[in-house]
Amino acid sequence: MIILIISLLVAVIVTLIVYNIHIQKKIESFQNLNERVNNLSVLQDFMKLAGEEDSVENKLKNMNDIVIEKYDIKYSTIVVFDGSEYVIKATNVDPKHHETLLNLHNEEIFQDSVNTATPKYVTIDNDNEKLPYQKAEMGRAKSAMFFPLYIDNIYIGYWIMESGQMHAFDQTDTTIIEVVKDNIISILKTVAYQDTIENIDRIDKNTELHSAEYLYGKAKNIMDSYPTSSVCMFRISNIEEINEEFGRQIGTDMIRRSC
């Protein structure tokens with residue numbers, strides 16, 4: 001009798017274990033599906049953002065906000081090298097820490113990451129420690145993930161996400177974060193062309209008028225902010241003759257008065 005009861009108990013326990021394993025697999029499958037849906041949602045948001053009629057600065061800020069919201073990250077900062085200096089393109093970190101964030105590429109702990117195009121995870125083990133790149137900001141971040149950014153094998157800057165918790169990213173699926181990083185790079189690559197158009201406009205020193213490129217950048221944004229808009233253009237057909245007969249200064253004054 002006792003043997004029968006023990007056998008039944010063992011059978012029940014085994015059944016429960018098998019059932020729990022089955023449930024766990026379903027939960028994991030659901031979580032994976034959830035992650036895929038979330039990633040797809042982020043990608044859709046990024047694609048929508050890239051096509052919006054907005055400035056490059058606002059697009060990058062909105063992109064950073066999406067990353068923070070969708071992945072529950074406390075701090076996220078995107079830094080880009082513009083050819084002469086490092087510039088913070090988007091961040092939700094207090095400005096007093098910006099100098100530190102702008103110089104992460106000089107930190108020894110991240111230099112190998114930049115050189116090898118691999119992410120770097122850093123954290124502390126107790127409240128008396130601080131992250132290697134921090135100066136006098138022990139309380140702000142206690143763990144961080146650093147991602148160098150490359151476009152067509154050319155280094156353009158980095159993205160760093162930070163948490164106020166120790167070991168916050170221990171269980172983070174880096175493949176998911178890599179997808180986010182790739183999306184960030186795609187947005188940066190897309191808006192790079194827009195940034196060029198927006199900043200190619202020049203002001204003539206003599207007439208103080210914008211060059212024709214103004215129409216493709218700032219003027220376009222102004223016109224798009226209204227339901228309907230019109231562009232009026234005129235040409236002084238004899239400006240060359242005026243310059244030759246009366247001098248370039250008279251021609252310049254003529255253009256100014258016409259405007």
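## Salt bridges, cores and a two-faced helix

The side chains of Arg-140 and Glu-162 come together in a salt bridge, with 2.8 Å from N to O. This pair links distant parts of the chain, 22 residues apart: Arg-140 sits in the loop between β3 and β4, while Glu-162 belongs to strand β5 (residues 154-163). Are the two partners buried or exposed? Arg-140 is buried, and Glu-162 is buried as well. Please keep in mind as you look around that this is a predicted model.

Let's stay with charged pairs for a moment. Side chains of opposite charge can pair when their charged atoms come close. With a cut-off of 4 Å between the side-chain nitrogen and the carboxyl oxygen, the count comes to four salt bridges. Another of them joins the side chains of Lys-142 and Asp-127, at 3.1 Å from N to O. Both Lys-142 and Asp-127 lie in the loop between β3 (120-123) and β4 (143-151), so this salt bridge ties together parts that are 15 residues apart in sequence. Asp-127 counts as exposed because its relative accessibility is 52%, and the threshold for that class is over 50%.

A further salt bridge is found within a helix. Glu-178 and Lys-181 meet through their side chains at 3.0 Å, N to O. Both residues lie in helix α5 (residues 174-199), three residues apart, which is about one turn of the helix. An α-helix has 3.6 residues a turn, so residues three or four places apart point the same way. Glu-178 has 23% relative accessibility and therefore counts as partly exposed, whereas Lys-181, at 11%, counts as buried.

Helix α5 also brings us to the nonpolar interior. The largest nonpolar core has 26 residues, and those with the most contacts inside it are Met-63, Ile-78, Leu-149, Trp-159, Met-161, Ile-184 and Leu-188. Two or more residues come from each of α1 (2-51), α2 (56-70), β1 (75-81), β4, β5 and α5. Which element gives the most to this core? That is α5, with seven residues. If you click on Leu-188 and leave aside its neighbours within four places in sequence, you will find it in contact with Leu-60, Ile-78, Val-80, Leu-149 and Ile-156. A second, separate core has 19 residues, among them Ile-88, Val-122, Tyr-133 and Ala-141.

Now back to strand β5, where Ser-163 is found. Ser-163 counts as buried because its relative accessibility is 11%. A polar atom of the Ser-163 side chain lies 3.0 Å from the backbone nitrogen of Gln-165. Leaving aside neighbours within four places in sequence, Ser-163 is in contact with several residues, including Arg-140 and Lys-142, and also Lys-74, Ala-141, Ser-143, Ala-168 and Phe-169. Arg-140 and Lys-142 are familiar from the salt bridges to Glu-162 and Asp-127.

Our last stop is helix α7 (residues 239-246). Its buried residues are Ile-239, Ile-242 and Asn-243. Why do they fall on the same side of α7? They cover an arc of only 100° around the axis, which puts them on the same side. Turn to the other side of α7 and you meet Glu-240, Glu-244 and Glu-245, which are exposed. Just after α7 comes Gly-247, with a positive phi of about 105°.

Note on methods. Residues are numbered from 1 along each chain as its sequence is written. This is a predicted model: local features need pLDDT of at least 70, side-chain atom pairs count only at pLDDT 80 or more; totals for chains, interfaces and linings use all residues. Side-chain values use heavy atoms; hydrogens and water are left out. Buried means under 20% relative accessible area, exposed over 50%, partly exposed in between (1.4 Å probe, protein chains only). Helices (H or I, at least four residues) and strands (E, at least two) are DSSP runs, numbered from the N terminus. The arc is that of the directions from the helix axis to the C-beta atoms. A nonpolar core is a set of buried Ala, Val, Leu, Ile, Met, Phe, Trp, Tyr and Cys residues joined through side-chain atoms within 4.5 Å. Contact means heavy atoms within 4.5 Å. A polar contact is a pair of N or O atoms within 3.5 Å; within protein, one must be able to donate a hydrogen and the other to accept it, and residues adjacent in sequence count only if both atoms are side-chain atoms.
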